[in-house]
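Here's a quick tour for anyone meeting this structure cold. Keep the view open as you read, and click on the residues as they come up.

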Amino acid sequence: MPSDSWFALVTRPRHEKSAAVSLRAKGLEEFLPLHRARRRWTDRVQAIDLPLFPGYLFCRFGMEEYVRVVQTPGVRAVVGFGGKPVPVAASEIDALQAVLGSGCGVQPWPYLTAGDRVRLEDGPLAGIEGILLREKTQCRVVVSVELLHRSVAVEIARESVVVLKATNR
């Protein structure tokens with residue numbers, strides 16, 4: 001395991017943003033993917049930023065900083081198996097950062113295992129791999145974080161997609 005890997009952190013419910021601020025204040029690199037959503041109250045409709053993965057955020061740290069991370073207010077645990085933290089693949093974090101930085105519409109999406117595995121060949125998301133979905137006239141690519149069994153969907157142009165592995169139909 002590299003000395004500084006990305007890990008998924010479990011947060012207290014609705015404490016993702018405050019935990020991210022606390023990690024940053026400790027000098028740690030955190031990544032909290034957000035999406036813009038519209039919420040209706042009785043007197044108004046407002047656009048707010050919500051976590052793409054409710055209850056989770058990502059942090060890059062070495063195992064020598066583990067105790068500092070789990071003692072951060074709002075952080076409950078580091079995602080792992082058998083009591084050992086498991087790092088998130090750097091390529092998955094890079095893909096999420098590219099999707100969020102592209103300016104394309106991003107929204108949370110249920111984790112998927114079925115569908116065609118695709119790679120985008122051009123545009124701001126060139127090189128990103130994911131699962132292709134079709135909804136009526138729109139095409140989306142779903143980018144997944146395997147460890148969390150969570151995904152996000154981004155709208156794409158159908159012409160920029162190359163199929164890597166088709167499912168058996």
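A handy yardstick to start: a residue is called buried when its relative accessible area is under 20%, exposed when that is over 50%, and partly exposed in between. Arg117, at 35%, is therefore partly exposed. One thing to keep in mind is that this is a predicted model. With that said, let's look at rings, charges and the nonpolar interior.

**Aromatic rings**

- The structure has four aromatic pairs.
- One of them joins Trp6 and Phe31 edge-to-face, with 6.4 Å from centre to centre and 70° between the planes.
- Trp6 belongs to strand E1 (residues 5-11) and Phe31 to strand E2 (residues 29-31), so this pair ties together parts that sit 25 residues apart in sequence.
- Both partners are tucked away: Trp6 is buried at 4% relative accessible area, and Phe31 is buried too, at 11%.
- Phe53 and Phe58 make an edge-to-face pair as well, because their planes stand at 90° with the ring centres 5.9 Å apart.
- Here, too, the partners are buried, with Phe53 at 2% and Phe58 at 0% relative accessibility.
- Ring pairs join Trp6, Phe31, Phe53 and Phe58 into a cluster.

**A charge over a ring**

- Take a look at Trp41: Arg44 lies over its face, 5.1 Å from the ring centre.

**Salt bridges**

- Side chains of opposite charge can pair when their charged atoms come close.
- How many salt bridges does the count come to? The count is nine.
- Glu65 and Arg68 are one such pair, meeting through their side chains at 3.7 Å from N to O.
- Arg68 is partly exposed, with a relative accessible area of 35%.
- Glu129 bridges to Arg117, and their closest N and O atoms are 3.7 Å apart.
- That bridge runs between strand E12 (residues 129-135), home of Glu129, and strand E11 (residues 116-120), home of Arg117, so it ties together parts 12 residues apart in sequence.
- Glu129 has a salt bridge with Arg119 as well, where the closest N and O atoms are 3.9 Å apart.
- Since Arg119 is in strand E11 and Glu129 in strand E12, this pair links parts that are 10 residues apart in sequence.
- Is Glu129 buried, exposed or partly exposed? Glu129 counts as partly exposed, at 35% relative accessibility, and Arg119 is partly exposed at 28%.
- Put together, Arg117, Arg119, Glu121 and Glu129 are linked in a network of salt bridges.

**Nonpolar cores**

- The largest nonpolar core has 29 residues, and the members touching the most others are Phe53, Phe58, Val88 and Ile156.
- Which elements give two or more residues to this core? They are E1, strand E5 (56-61), helix H3 (90-101), E11, strand E13 (138-145) and strand E14 (150-156).
- There is also a second, separate core of 13 residues, including Ala20, Leu32, Phe61 and Val75.
- Phe53 is worth a click here: leaving aside residues up to four places away in sequence, Phe53 touches Pro33, Phe58, Leu96, Val145, Arg150, Ser151 and Val152.

**Where the topics meet**

- Phe53 and Phe58 show up twice, in the ring cluster and among the residues that touch the most other members of the largest core.
- Strand E11 also appears under two headings: E11 holds Arg117, and E11 gives two or more residues to the largest core.

Technical notes
Residues numbered from 1 in each chain as written. Predicted model: local features only at pLDDT ≥ 70, side-chain atom pairs only at ≥ 80, totals over all residues. Heavy atoms only, no water. Phe/Tyr/Trp six-rings, centres within 6.5 Å; stacked < 30°, edge-to-face > 60°. Helix = DSSP H or I, 4+ residues; strand = E, 2+ residues; numbered from the N terminus. Buried < 20%, exposed > 50% of the residue type's maximum accessible area, 1.4 Å probe, protein only. Lys NZ or Arg CZ within 6 Å of the ring centre and 35° of its normal. Salt bridge = Lys/Arg side-chain N within 4 Å of Asp/Glu carboxyl O. Core = buried A, V, L, I, M, F, W, Y, C linked by side-chain atoms within 4.5 Å. Contact = heavy atoms within 4.5 Å.
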